[in-house]
Structure formats: C-alpha cells, structure tokens
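Welcome, and please open the model in your viewer. We will take a short walk, one selection at a time.

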Amino acid sequence: MKITDIECHIVVVPDLKEDATSSSQDDVVVLVHTDEGITGIGETDTGPWLVKAAIEAPGSHTMAQGMKNLLIGEDPFDTSALWEKLYTLTAMSGRRGAVICAIGAIDMALWDIKGKASGLPCYKLLGGAMRDYIIPYASLQPEGNSVEQYGDSLVSWAKRAQEYGFKAAKIECTLAGPYNHSGLQGSDEQMTEIVRACRETVGPDFAMMVDVQYRWSDVHTCLRTVNKWDDLDLFFLETPLQIDDLDGYATLSREAPMRIAAGEWQNTRFEFLELLDRGQVQVAQPDVGRVGGLTEAMRVCHMAQDRGRLIVPHCWKTGIGIAASAHMAAAIPNCPYIEYLPSELCDSALRRDLVSEPLEMKDGIVKLPEKPGLGVELNIDALKTYSI
Ligand SMILES: [Mg+2]
C-alpha cells in the first residue's frame, strides 16, 4: 500500500469567541489517502493554519524538507519509520511545536489506515486491551462574566455531570493568570470557595480534578493556596505553574497535598522525559495529536509506566482525537481516566457535528471502540459547512 495524497481541512465554529480559553473552537482535519482506496483520519490541537502550512510547504534543503513530499509513495504501515523520517528531515523547522503537532495528525491517520486495512481496532494493533472499558472524566465548561456567575456555573455543571452518570469531573477554575476566562480577575480565596462548593455539590464518592491553567507564577504562592485544598480530596491539580518552570513542578509534586498533572502542551517524548524526571509530575497528560501521534504517545505512556506515574490524556478537540485517546488508554495499564465530554453536552459545533456516531458513555464508562482503525466516521457535510 502506498500513500498517494494528504489533505488538510481547517474548520472553525461559526460563533468563535477569541477571548474564550477553549481550543475546541477550531480544528485541522488531516486526511491521508492511499492507492488502495483507504483514507486515514487525523487531527491535532494547535493553530490549524500552522499545521496546514507545515504539511503542505515545499522543502528547501535536507534539514527542512516538505512533509507531504516526504510521505507520498511511502507505505502507511511503517508508522515508526515514517515518524523518524519526518522528525529527522524537518529538524531545522521542526523538532517541537506545530511541526510535531502536524506529525501527530499524520501519524493518527496512519494508524487509522493500518486498522482499516487489517480490519482491527487500533487498540489491538497497539498491543491489545488491558480492560474492556475506559472511564471518562467530564471537563466542565464554565460560563459567566463575573466571578460569581462563573462559580455558580461550575457548581451546576458539576451537578449535571454527576447526574449524567460521570464518575469523575474536572473543574476549570481559571479566575486569573495568563489564560483567565473572559478577562476575569478573581482571588485565590475565591478559587478556593468555588472548588470547595463543587466538592460539596458532588459529595465524597466522586473523583474531582482542578485545572487552573498556569495560574501561578511561583511555587510558594501556589502552595499557600493549594495546601488549603488538602481536605477536598482532589485526584489531581492540573498545570498550576508556567510549564517551563520544571523545578517549580518538582517542588510542587513533592509538597502539594494532591497529585500534580501536566503535559497537554508537550511535544515529543523528549519533553515528557523532562516533565517526568525533572518536573516529577505524578500524572502525565499527553494529547495524542500534539505529542506526535499514537506512535509517540505510546512511548510516553511506557515511560510513565516505567516510573510508576499515571497517564490521563488531554483531549479537547473532536471525536477523532477522543477515539485516538480511547485506543491508547485501552492499551496501557496506567490510565485511570480519559478527558471526555459527550457531544450533546458540549458547546462546540465541531465536537457535536464533525464525527457521526461518536463514542458514547453509559453508566459512567465508555466501551472500547470495536470498528476497524480509529472507528470514527467523518461527517463530510459538517466538514464542508465549517471549513474556511
Ligand atoms: Mg488544561
């Protein structure tokens, strides 16, 4: 089998809010075509125009080659070999950032092709399922233009997620810091009140995580607040510090009263190696598209397993990435949860419409996808509607 063409489709929701901290508003869908009529589907979570450029741009010399040119004529089954080829021959323009995200979307599509061609779901090709279901956690999407509205919305979302059958949910408590919601400026005390109110709403028998989206600029200010959250039994605290402060992460991982999670932005296993060994985080959160695809994500999962750490993948795009996360989660023993929101609860039109028959949760669990490949069907009408 040979790769014959690669298409990149940029899609954006009609009601794009530029001040919203949510990357579910855009996407780049990458289609890899083959000479046997099988097409693989992939996506990645970064600026979609950059990914399209990274894939389609012609090369200029041996260290900055064009990705599409490198792939035409290659065998899509050679996922590890092609990963190495793409990484090595784009090194001067790549190694990290959008080029790795682009490799991630392509690699996801190649695994989809391998599964479709062999009639097997991807998790089988990744080594087989460790269990026959996955436990999703709901990422709650707060609304409101004041701290009070924001807090009330989180509490009602937490209640709604629990009533919907979830066993776990993550509170996006972003009242300040560089990615604060709609310009809000809340205090650390107000954050504590909101997190506490959410815990009181869901009760003790429910896993609760908190994402503060890089809120604090130093570890001591962070500890002053999160030490007060000891009795709230949080499963993890996500990205409390600037992501390059790895020594700060190490201090927090040692001293904070809950697990520390990070990794949504990390590209390649090399960045996870730093995060795990220097940053010492207890929970690594690879986003399959961003880290470099299923090939690279599985390497990260195994590195975390070797060190006794957990994997809880980041996933905030569409049913394509969710499927990739689910296959990966099934094939490793150290993944207690995946990030997931049922499309009907999501405010992103892309999340709702881009994939027909997305994975469904029942009684708080998601059954393994059993269709060949990633097992997702692209809704071509939605792709056309939201394409720009
Ligand atoms: Mg996050």
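Start by selecting Gly37, and keep in mind that you are looking at a predicted model. Gly37 takes a positive phi near 80 degrees, and it sits in the hairpin of E2 and E3, where four residues lie between the strands.

Next, widen the selection to the two strands on either side of that turn. Strand E2 covers residues 26-34, and strand E3 covers residues 39-44. E2 and E3 pair in the antiparallel sense, with six bridges between them. For one of these pairings, pick Leu31 and look across to E3: its bridge partner there is Ile41.

Stay with E3 for a moment. Is this strand mostly covered or mostly open? Mostly covered: of the six residues in E3, five are buried.

Now zoom out and colour the chain by domain. The domain assignment gives domain 1 as 3-119 and domain 2 as 133-386. Taken over C-alpha atoms, the centres of domain 1 and domain 2 are 24 Å apart. Their contact draws 37 residues from domain 1 and 36 residues from domain 2.

Which elements should you highlight on the side of domain 1 that touches domain 2? Select strand E1 (3-12), helix H3 (79-89) and helix H4 (98-118), along with the hairpin strands E2 and E3; each supplies at least two residues. H4 gives the most to this side, with 13 residues.

As a last stop, colour that side of domain 1 by residue class. Its residues divide into 15 nonpolar, 14 polar and eight charged.

Note on methods:
Residues numbered from 1 in each chain as written. Predicted model: local features only at pLDDT ≥ 70, side-chain atom pairs only at ≥ 80, totals over all residues. Buried ≥ 20, exposed ≤ 12 C-beta atoms within 10 Å, placed from the backbone. Pairing = 2+ DSSP bridges. Domains from an automatic or database assignment. Contact = placed C-beta atoms within 7 Å. Nonpolar A, V, L, I, M, F, W, Y, C, P; charged D, E, K, R; others polar.
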